[in-house]
Amino acid sequence: MTSRNPRDSRLRLVSPRPLAAAPRAVTQRRTRRPAPRPPEGTPPPAELARMARTGLADAARVARWADAALRPGRDGANPDGKGTLSDATAERAAADLGLTPSQVRAHWDTARLAGLIEVHGDSARPGWRLRAWNRDDSAVLRGWVALFDAWSLAYPEPVDREPAAVAEVVSAMPQVLSFLQLSAGPVPMEQLLDLLEQRVTELRTERCEIPYGPQSEAAPEVGPDAAAVADAPLAPLLDWALHALASVGALTCADGQATLTPLGSWAVWVKLEQICVAAQSPAGNIEQNAEGMLRGCAQLRPNAARAEYRAWLAARPVGSAVTELLDAARGDDALTRGLAFEALRVVGAPAEPDVRAVAEETSLRPYALLWLAEHDGHDPEDAHEVLTREEATWLWVDTAAAVADHGEAPLLVRHLESAVQPTVPALLDEVRAVGHPRTVQVLVALAAAHPDPALAKAVRRAAFQVHTGGS
């Protein structure tokens, strides 16, 4: 029972847990979609991972050398914001590894694209995949898929071609790859070129670059740049794209034909399966931006919300999705902030560098630290132990703000029990000191909701003192 004397008011101690990890009042029976099977003839995951390790062996070797010899994150990269190796470092690595400096640079770039090395500003450090490389097949396959997604960066693009034409080919290649995957065998270059030309024409039509109907004499002429793009032959660009995909191990080119490798066929199937998942969005939030999607998920049950996160994520590149979720988390709505990190839990390991990077932002730090603790293997029930007392108090206020804005009064009263402080006066003192921008509103809402008049009076007094800057 709560005492009517606020000086002696004790809180029942419970494990402090963020709103996202709190027990749910209602559970939902999940309707499981049957696990999709890859096409017949696809090697098992262990064999695919072996192929990926073989293809990325040199990149992993350079990454391990950098980890041991340069301590990436301090002096393993030039301070140019790109994480490129200095000439001296490349020569040193070449001497140690029996490679040429140009080979070292190429393998370094591959390691970055595969997530074996992570670049933050002007510094580099070992990626989480490098740590798991020998023991986790899923980490290896995710690394290879990341390289596959970045195929256009892995091979120098033609310098004598218009950048807009190159961009069109990059946008059209998923359809070409899908055709290769469905063909399940060699496809002549002429057939691929015809398909590429059709797809590029569709892209231009979607952008309304092809005029419709009669044109007046006064109509503006197509600019020289646009005309150059439209007239650019696509055969050299197709040749570049196929060689770029071959350089990452996705396909082979020989005798005027292209054939997907087992890894390439599997990766294209994974992408097609993601599109199918995206098309099954239960609540129809796929087309929304991150904030709109999260708001749409606010009233969903946990399992339904996670299904919606998966569908939304499957419809966009991981990197841009993570950036969008973190931008939404920086907003004023505390509930959106909590849900953003729930969606980031669905993303999993690929979000780790970005989450770690925002751990110094005051409003995101408690959420980021909890996310990282769970990612590193802490039990969600115990993850709160990584927070300092101040960080836990800040999170308590932020969660209370979410409850005050979107929940009911009884839930706000129950939230009082999750505070780390053993007494109400201690809680009020630390809440006032933590400086959360919603402190006044939270205390006013709590005072209005609490049934104990004496406690409500103490909370109102604290709200007034925070508002006026008094003590």
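Two strands count as paired if DSSP finds at least two bridges between them. In this predicted model, β3 and β5 meet that condition with two bridges, and their pairing is antiparallel. One such bridge joins Val187 to Ala258 in β5.

**View A. The whole protein chain, for orientation.** The protein chain has 471 residues, and 43% of them are buried. Its secondary structure consists of 23 helices and five strands. Among contacts with a separation of 6 or more, 68% are between residues 24 or more positions apart. The close-ups below show parts of this predicted chain.

**View B. The open sheet of β3, β5 and β4.** The order of the three strands is β3-β5-β4, and they pair in the antiparallel sense. Which strands lie at the edges of this sheet? The edge strands are β3, residues 187-188, and β4, each of which pairs on one side only. Between β3 and β5 there are two bridges, whereas β4 and β5 (residues 257-260) are joined by four. Helix α8, residues 163-183, lies across β3, β4 and β5, and runs at about 75° to β5. An angle from 65 to 115 degrees counts as roughly perpendicular.

**View C. The two faces of β5.** In a regular strand, side chains alternate between the two faces of the sheet. In β5, Ala258 and Leu260 make up the covered face. Gln257 and Thr259 make up the uncovered face of β5. Ala258 has a bridge partner in β3, Val187, and Cys253 also stands opposite Ala258. Gln257, on the uncovered face, has Ala254 opposite.

**View D. The hairpin of β4 and β5.** How many residues lie between the two strands of this hairpin? There are two residues between β4 and β5, and Asp255 has a positive phi in this hairpin. Most residues other than glycine have a negative phi. The phi of Asp255 is near 55°, although Asp255 is a residue other than glycine. Asp255 belongs to the loop between β4 and β5. Is Asp255 buried or exposed? Its relative accessibility is 80%, so Asp255 counts as exposed.

**View E. Ala184 in the loop between α8 and β3.** This loop joins the helix that lies across the sheet to the edge strand β3, and Ala184 is placed in it. Ala184 is not a glycine, yet its phi is positive, at about 55°. The relative accessibility of Ala184 is 68%. Exposed means over 50%, so Ala184 counts as exposed.

**View F. Cys253 and its surroundings.** Cys253 is part of strand β4, residues 251-254, and stands opposite Ala258 in β5. With a relative accessible area of 30%, Cys253 is partly exposed, because this class lies between the limits of 20% and 50%. What does Cys253 touch, leaving aside its neighbours within four places in sequence? The contacts of Cys253 are Met189, Leu242 and Ala258. Met189 belongs to α9 and Leu242 to α11. Pro186 is 67 residues from Cys253 in sequence, and their C-alpha atoms are 8.9 Å apart in space.

**View G. The crossing of helices α9 and α11.** Two packed helices are described by the angle between their axes and the distance between the axes. For α9 (residues 189-206) and α11 (residues 235-247), the axes come within 10 Å and cross at roughly 110°. The two helices are therefore roughly perpendicular to each other. On the α9 side, the residues that meet α11 are Met189, Leu192, Leu193 and Leu196. On the α11 side, Ala235, Leu238 and Leu242 take part. By class, this contact has seven nonpolar residues, no polar ones and no charged ones. Two residues seen here, Met189 and Leu242, are also in contact with Cys253.

**View H. Arg129 in helix α5.** Helix α5 covers residues 128-132 and includes Arg129. Is this residue, Arg129, buried or exposed? Arg129 is buried, as its relative accessible area is 8%, and buried means under 20%. The side chain of Arg129 reaches the backbone oxygen of Ala114 at 3.1 Å. Leaving aside its neighbours within four places in sequence, Arg129 has contacts that include Ala114, Gly115 and Leu116. Also in contact with Arg129 are Ala139, Arg142, Gly143, Ala146 and Pro350.

Conventions
Residues numbered from 1 in each chain as written. Predicted model: local features only at pLDDT ≥ 70, side-chain atom pairs only at ≥ 80, totals over all residues. Heavy atoms only, no water. Axes fitted to C-alpha atoms, helices over the stretch in contact; angles between N-to-C directions. Parallel < 35°, antiparallel > 145°, perpendicular 65-115°, else oblique. Contact = heavy atoms within 4.5 Å. Nonpolar A, V, L, I, M, F, W, Y, C, P; charged D, E, K, R; others polar. Buried < 20%, exposed > 50% of the residue type's maximum accessible area, 1.4 Å probe, protein only. Polar contact = N/O pair within 3.5 Å; in protein donor to acceptor, adjacent residues only side chain to side chain.
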